[in-house]
Amino acid sequence: MQGLAVSLDPVERFRLAVGEPDPWQKTLLHTDPRLNEADRMVLALCGRQSGKSTSAGGLANDDFSLGKMVILTAPSLRQSTELFRRILDYKNSDPSCPPIVRQTQTELEAHPRHGGRIVVVPATDQARGMTADTIIADEACFLADDALTAFFPMRKETGRIFLLSTPNMREGFFYNPWTSNKNVRRITARSIDIPRRAAQVAFDKATMSDTTFRREH
């Protein structure tokens, strides 16, 4: 029964692998373009240490477990590798995980009868040629516009795109739809609103300049 519950609800899968999600994480995990057209593109603006990468890993693992093709990207190889490690943590905690036929440092592939696959690709304009149900960009504010938009044509007609990031400059592909009236989902995750981060936030507030603190948290 636990495996069935996990397979039906991404929040239950998150609880099993990580623990109780924060309210913003529940909102992110429950986005569904079948119910809301705006959920085809989801922008999450997150404070430092708010659980952004863990949430991205949860999204990727959930769609992978449902037999979908997932593409991940991030500004650096280190960030991409860390994101993929989070996904493997989910996989190892998931009682409903499909049989795995191939696993490398950048790919996870389920048995062909299932069809699930996760691929980590570099954030460059050369990242073309694949088709995905789900595209997830971590630290999207720090990706070049050309590199980021190169991923969008890879999305299937029924697919979705997630852009998750801490703040950066007030320009670029993330900032423009965030401040526009375009029909996208916008989720804010401020560190100062997350009780489990209270001690770290208090320390940073006491040691950072006000401008830096406001940007980071």
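Between which strand and which helix does the loop that holds E139 lie? The loop runs between β6 (132-138) and α6 (145-149). The legends below describe close-up views of a predicted model.

**Figure 1. The whole protein chain, with its helices and strands.** The protein chain has nine helices and eight strands. Its radius of gyration is 17 Å, close to the 17 Å that the globule rule gives for 217 residues, so the chain is as compact as a globular protein of that length. The C-alpha trace spans about 55 × 40 × 35 Å along its principal axes. Of the 217 residues, 48% are buried. Among contacts with a separation of 6 or more, 69% join residues that are 24 or more positions apart. The chain exposes about 11000 Å². Carbon and sulfur atoms supply 50% of that area.

**Figure 2. Two loop residues with positive phi, Q49 and E139.** Q49 is not a glycine, yet its phi is positive, at about 60°. Q49 sits in the loop between β1 (41-46) and α4 (52-65). E139 is not a glycine either, and its phi is about 50°. The loop of E139 links β6 (132-138) to α6 (145-149). Is E139 buried or exposed? E139 has a relative accessible area of 12%, which means it counts as buried, since the cut-off for buried is under 20%.

**Figure 3. The tilted aromatic pair F14 and Y90.** The whole structure holds two aromatic pairs. In one of them, F14 and Y90 lie 6.1 Å apart, centre to centre. Their planes make an angle of 55°, and the pair is tilted. Why does this pair tie together parts that are 76 residues apart in sequence? F14 belongs to helix α2 (residues 10-17) and Y90 to helix α5 (residues 77-93), so the pair bridges that separation. Both F14 and Y90 are buried.

**Figure 4. The stacked aromatic pair F174 and W178.** F174 and W178 form an aromatic pair with 5.9 Å between the centres. The angle between their planes is 15°. This pair counts as stacked because planes under 30 degrees apart are classed that way. F174 is buried, with a relative accessible area of 4%.

**Figure 5. The largest nonpolar core, around L72 and its neighbours.** This core has 29 residues. Which residues have the most contacts inside it? They are W24, L28, L72, I118 and I136. Helix α5 gives the most to this core, with five residues. L72 touches A60, L83, I87 and I136. L72 also touches I118, V119, V120 and V121. That list leaves out residues up to four places away from L72 in sequence.

**Figure 6. A separate core that includes W178.** Apart from the largest core lies another, of 21 residues. Its members include L43, L143, F152 and W178. W178 is also a partner in the stacked pair with F174.

**Figure 7. The salt bridge between R15 and E12 in helix α2.** The structure holds 21 salt bridges. One of them joins the side chains of R15 and E12, at 2.5 Å from N to O. Both residues lie in helix α2. They are three residues apart, about one turn of the helix. R15 is partly exposed, with a relative accessible area of 30%. E12 is partly exposed too, at 29%.

**Figure 8. The salt bridge between R102 and E109.** The closest N and O atoms of R102 and E109 are 3.2 Å apart. R102 has 34% relative accessibility and counts as partly exposed. E109 is partly exposed, with a relative accessible area of 26%.

**Figure 9. The salt bridge between R215 and E216, and a network elsewhere.** R215 pairs with E216 in a salt bridge, with the closest N and O atoms 3.3 Å apart. R215 is partly exposed, with a relative accessible area of 39%. E216 is buried, with a relative accessible area of 15%. Which residues do salt bridges with shared partners join into one network? The network is made of E12, R15, E20 and K26. E12 and R15 are the pair from helix α2.

Definitions and conventions
Residues are numbered from 1 along each chain as its sequence is written. This is a predicted model: local features need pLDDT of at least 70, side-chain atom pairs count only at pLDDT 80 or more; totals for chains, interfaces and linings use all residues. Side-chain values use heavy atoms; hydrogens and water are left out. Rings of Phe, Tyr and Trp (its six-membered ring) pair if their centres lie within 6.5 Å; planes under 30 degrees apart count as stacked, over 60 as edge-to-face and the rest as tilted. Helices (H or I, at least four residues) and strands (E, at least two) are DSSP runs, numbered from the N terminus. Buried means under 20% relative accessible area, exposed over 50%, partly exposed in between (1.4 Å probe, protein chains only). A nonpolar core is a set of buried Ala, Val, Leu, Ile, Met, Phe, Trp, Tyr and Cys residues joined through side-chain atoms within 4.5 Å. Contact means heavy atoms within 4.5 Å. A salt bridge is a side-chain nitrogen of Lys or Arg within 4 Å of a carboxyl oxygen of Asp or Glu. The radius of gyration is taken over C-alpha atoms; the globule rule is 2.2 Å times the number of residues to the power 0.38. Accessible areas come from the Shrake-Rupley method with a 1.4 Å probe; for residues, only the protein chains shown count as cover.
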